[in-house]
Amino acid sequence: MRDKIKEYEAVAKAAGLFVKSVAEGNSAHARQLFTDDAVLFGILNGEMEHGAIEQFYTNVDTVGANPEFKARIDVMAVEETVAVVRVLEEGWGGRIDFTDYLLLLKVGGEWKCVAKAYNQNSNTIQK
């Protein structure tokens, strides 16, 4: 069953922690969003990246902030205890555009991300 609009807003606010971390180059915000056992999957510069969400935290903290970074959060679905969010990123690290999909679960009344899958736009792949 589709949930109420207030839940879409709560999911968007939670996903905002992801965007804030990337924008500021500080994983502290994302650590509030992701569960400890969250996973990530994607292709970065032509190589598959997968594993613990710690890899994402390391990337964010290493790459740092970019004042020209832009992002858009699209809440695709909210179904009572599960949500899917698409985040469009432009200029991550000054050169990469990503499309991220975040899978969130409502745990203890709070939206938490359990998985992140992403695509790197092909025109930003460094060869």
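Glutamate 7 is a buried residue, with just 10% relative accessible area. In this predicted model, its side chain meets that of lysine 106 in a salt bridge, at 3.1 Å from N to O. Glutamate 7 belongs to helix 1 and lysine 106 to strand 5, so the pair ties together parts that sit 99 residues apart in sequence. The lysine end of the pair is partly exposed, at 29% relative accessible area.

That pair is one of 6 salt bridges in the structure. Another links the side chains of arginine 72 and aspartate 74, this time at 2.6 Å, N to O. Here the acid is again on the buried side of the cut-off: aspartate 74 has a relative accessibility of 9%, while arginine 72 comes out as exposed at 51%. The story doesn't stop with two residues, as Arg86 joins Arg72 and Asp74 in a network of salt bridges.

What about the bridge between lysine 112 and glutamate 110, and how far apart are N and O there? The two side chains meet at 3.8 Å, which falls inside the 4 Å limit used for a salt bridge. In this pair the lysine is the buried partner, with a relative accessible area of 18%, and glutamate 110 is partly exposed at 43%.

Next comes the empty space inside the fold. Rolling a probe the size of a water molecule over the atoms shows where empty space is left. How many cavities of 30 Å³ or more does the structure hold? The count is 1, and the largest cavity takes in about 120 Å³ of space. Its lining is made up of 13 residues, and the ones nearest the centre are Phe56, Asn59, Phe98, Lys116 and Tyr118. By type, the lining splits into 8 nonpolar, 1 polar and 4 charged residues. The wall is pieced together from several elements: helix 1 (5-24), helix 3 (54-63), strand 1 (34-44), strand 4 (82-92), strand 5 (96-107) and strand 6 (110-120) each contribute at least two lining residues.

Helix 3 deserves a closer look. Phe56, one of the residues nearest the cavity centre, is buried in this helix along with Tyr57 and Val60. These three span an arc of only 100° around the axis, which puts them on the same side of helix 3. An α-helix has 3.6 residues a turn, so residues three or four places apart point the same way. As for partners, the buried residues of helix 3 pack against helix 1, helix 2 (28-33), strand 1, strand 4 and strand 6. Right after the helix comes glycine 64, and its phi is positive, near 85°.

Strand 1 also holds phenylalanine 41. Is that residue buried, partly exposed or exposed? At 40% relative accessibility, phenylalanine 41 counts as partly exposed. Setting aside neighbours within four places in sequence, phenylalanine 41 has contacts with Met48, Glu49 and His50, and also with Lys116, Ala117 and Tyr118. Of these contacts, Lys116 and Tyr118 turn up again among the residues nearest the centre of the largest cavity. Phenylalanine 41 can also be placed relative to aspartate 100: the two are 59 residues apart in sequence, and their C-alpha atoms are 9.8 Å apart in space.

How values were computed. Residues numbered from 1 in each chain as written. Predicted model: local features only at pLDDT ≥ 70, side-chain atom pairs only at ≥ 80, totals over all residues. Heavy atoms only, no water. 1 Å grid on protein atoms, 1.4 Å probe; cavity = no way out; pocket = protein on both sides within 12 Å on 5 of 7 lines; lining within 4 Å. Points joined across faces, edges and corners; volume = space filled by probe spheres on them. Helix = DSSP H or I, 4+ residues; strand = E, 2+ residues; numbered from the N terminus. Nonpolar A, V, L, I, M, F, W, Y, C, P; charged D, E, K, R; others polar. Buried < 20%, exposed > 50% of the residue type's maximum accessible area, 1.4 Å probe, protein only. Arc of directions from axis to C-beta. Contact = heavy atoms within 4.5 Å.
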